[in-house]
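Student: Please take me closely through one part of this structure. I am new to it, so keep the steps short and connected. Then show me how that part sits in the whole.

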Amino acid sequence: MSDTDWAGWQQSWDRQQEWYMPDREERFRVMLDMVEALVGPKPRVLDLACGTGSITDRLLKRFPDAVSTGVDLDPALLAIARGTFEGDGRVTFVTADLKDPEWTKELPYDTYDAVLTATALHWLHSGPLTALYGQVAGLVRDGGVFMNADHMIDTATPRINAAERAQRHARMDEEKAAGVLDWAEWWALAAKDPALAEPTARRFEIYGEHADGDMPSAGWHADTLRAAGFGEARPVWCSPSDTLLLAVK
């Protein structure tokens with residue numbers, strides 16, 4: 001496994017995700033802007049549902065004195081994350097199920113300056129997500145922040161939603177015809193890599209195929225975070241389809 005091109009897998013994951021979210025880097029930029037504005041350039045960060053460590057990668061490039069704990073359950077994406085950051089003492093990765101009430105006990109720190117997540121929690125339905133937000137509120141120090149960049153659908157705007165979706169999928173179809181890898185094709189490649197075949201098989205045993213949760217509105221997220229113990233919560237960035245929601249403890 002030491003010969004595996006982890007950087008190449010990391011880049012491949014980024015390209016696949018950017019097909020779905022062409023403004024992905026912009027949300028990361030704003031997320032880190034808000035980290036710096038509210039908790040400074042040396043934060044202790046929890047990269048929640050970290051996947052391959054995309055947030056951690058950008059965090060450490062911008063803030064070399066930051067430290068990050070990445071937590072996820074996906075064995076294949078964690079393999080890429082661990083391979084990418086091997087030997088970097090600023091980073092720790094933890095295997096844990098966010099639906100497990102005891103998952104926070106696996107973390108190396110009791111509190112964090114910032115808990116960050118992107119394009120991950122839409123897998124959860126509103127009940128488990130409400131419970132998770134309560135746990136996150138317990139991990140963020142006073143004055144610290146939580147940010148979630150994800151699909152947040154406002155059901156009060158069906159015509160806008162339909163038009164945005166149609167335009168987005170038309171663009172994706174054009175790029176797909178030009179050879180872009182989609183989610184299923186990326187995982188098919190991972191299953192053929194000697195270092196990722198076994199963790200990929202375990203990953204599908206855990207999750208099955210991609211399944212979305214409720215994807216409630218940004219207003220629901222803000223209200224739920226305030227009820228969990230955050231003093232302020234609102235969007236700080238949005239695209240036609242996604243929102244970056246910031247909450248301050």
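**From a loop into a helix**

Tutor: Start with Ala 49. Its relative accessibility is 18%, under the 20% cut-off, so Ala 49 counts as buried. Keep in mind that this is a predicted model.

Where does Ala 49 sit? Its place is the loop between β1 (44-48) and α3 (54-62). The backbone here deserves a look. Ala 49 has a positive phi, about 55°, yet it is not a glycine. Most residues other than glycine have a negative phi. Met 215 offers a second case: its phi is near 50°, again a positive value in a residue other than glycine. Met 215 is in the loop between α8 (197-207) and α9 (218-228). With a relative accessibility of 17%, Met 215 counts as buried too.

Now follow the loop from Ala 49 into α3. How much of this helix is covered? Mostly, it is: seven of the nine residues of α3 are buried. They are Ser 54, Ile 55, Thr 56, Asp 57, Arg 58, Leu 59 and Leu 60. What do these buried residues pack against? Two helices are on the list, α1 (6-20) and α2. So are four strands: β1, β2 (67-72), β3 (91-95) and β4 (112-118).

Two charged residues stand among the buried ones. The side chains of Asp 57 and Arg 58 meet in a salt bridge, with N to O at 3.7 Å. Both partners are buried. The pair is part of a wider set: salt bridges with shared partners join Asp 14, Arg 24, Glu 25, Asp 57, Arg 58 and Lys 61 into one network.

Next, the end of α3. Arg 62 forms a salt bridge with Asp 33, at 2.7 Å from N to O. This pair links distant parts of the chain, with Asp 33 in helix α2, Arg 62 in helix α3, and their positions 29 residues apart in sequence. Buried or exposed? Neither label fits these two: Asp 33 is partly exposed at 24% relative accessibility, and Arg 62 is partly exposed at 30%.

Stay with α2 for a moment, since Asp 33 belongs to it. Helix α2 covers residues 24-39. Glu 26 and Arg 29 form a salt bridge there, and their closest N and O atoms are 2.7 Å apart. Why can they face each other along one helix? They are three residues apart in α2, so about one helical turn separates Glu 26 from Arg 29. An α-helix has 3.6 residues a turn, so residues three or four places apart point the same way. Both partners are partly exposed: Glu 26 has a relative accessible area of 33%, and Arg 29 has a relative accessibility of 39%. In total, the structure holds 21 salt bridges.

For another part of the chain, turn to strand β7 (residues 242-248), where Thr 243 is found. Thr 243 is buried, with a relative accessible area of 8%. Beyond its sequence neighbours up to four places away, Thr 243 touches several residues, including Asn 148, Asp 150, Met 152, Ala 218 and Trp 237. Ala 247 lies in β7 as well. Its relative accessibility is 0%, so Ala 247 counts as buried. With the same neighbours set aside, the residues touched by Ala 247 include Gly 144, Val 145, Phe 146, Leu 225 and Phe 230. Ala 247 and Ala 120 are 127 residues apart in sequence, and their C-alpha atoms are 17 Å apart in space.

Now step back to the whole chain. It has nine helices and seven strands. Its radius of gyration is 18 Å, close to the 18 Å that the globule rule gives for 249 residues, so the chain is as compact as a globular protein of that length. Along its principal axes, the C-alpha trace spans about 50 × 45 × 30 Å. Buried residues make up 48% of the 249. Of the contacts between residues at least 6 apart in sequence, 73% join residues at least 24 apart.

Finish at the surface and the charges. The accessible surface of the chain comes to about 11600 Å², and 53% of that belongs to carbon and sulfur atoms. There are 25 positive and 40 negative side chains, and the centres of these two sets lie 3 Å apart.

Technical notes. Residues numbered from 1 in each chain as written. Predicted model: local features only at pLDDT ≥ 70, side-chain atom pairs only at ≥ 80, totals over all residues. Heavy atoms only, no water. Buried < 20%, exposed > 50% of the residue type's maximum accessible area, 1.4 Å probe, protein only. Contact = heavy atoms within 4.5 Å. Rg over C-alpha atoms; globule rule 2.2 N^0.38 Å. Areas by Shrake-Rupley, 256 points an atom, 1.4 Å probe, with all protein chains shown as cover. Lys, Arg positive; Asp, Glu negative; His and termini not counted. Charge placed at Lys NZ, Arg CZ, Asp CG, Glu CD. Salt bridge = Lys/Arg side-chain N within 4 Å of Asp/Glu carboxyl O.
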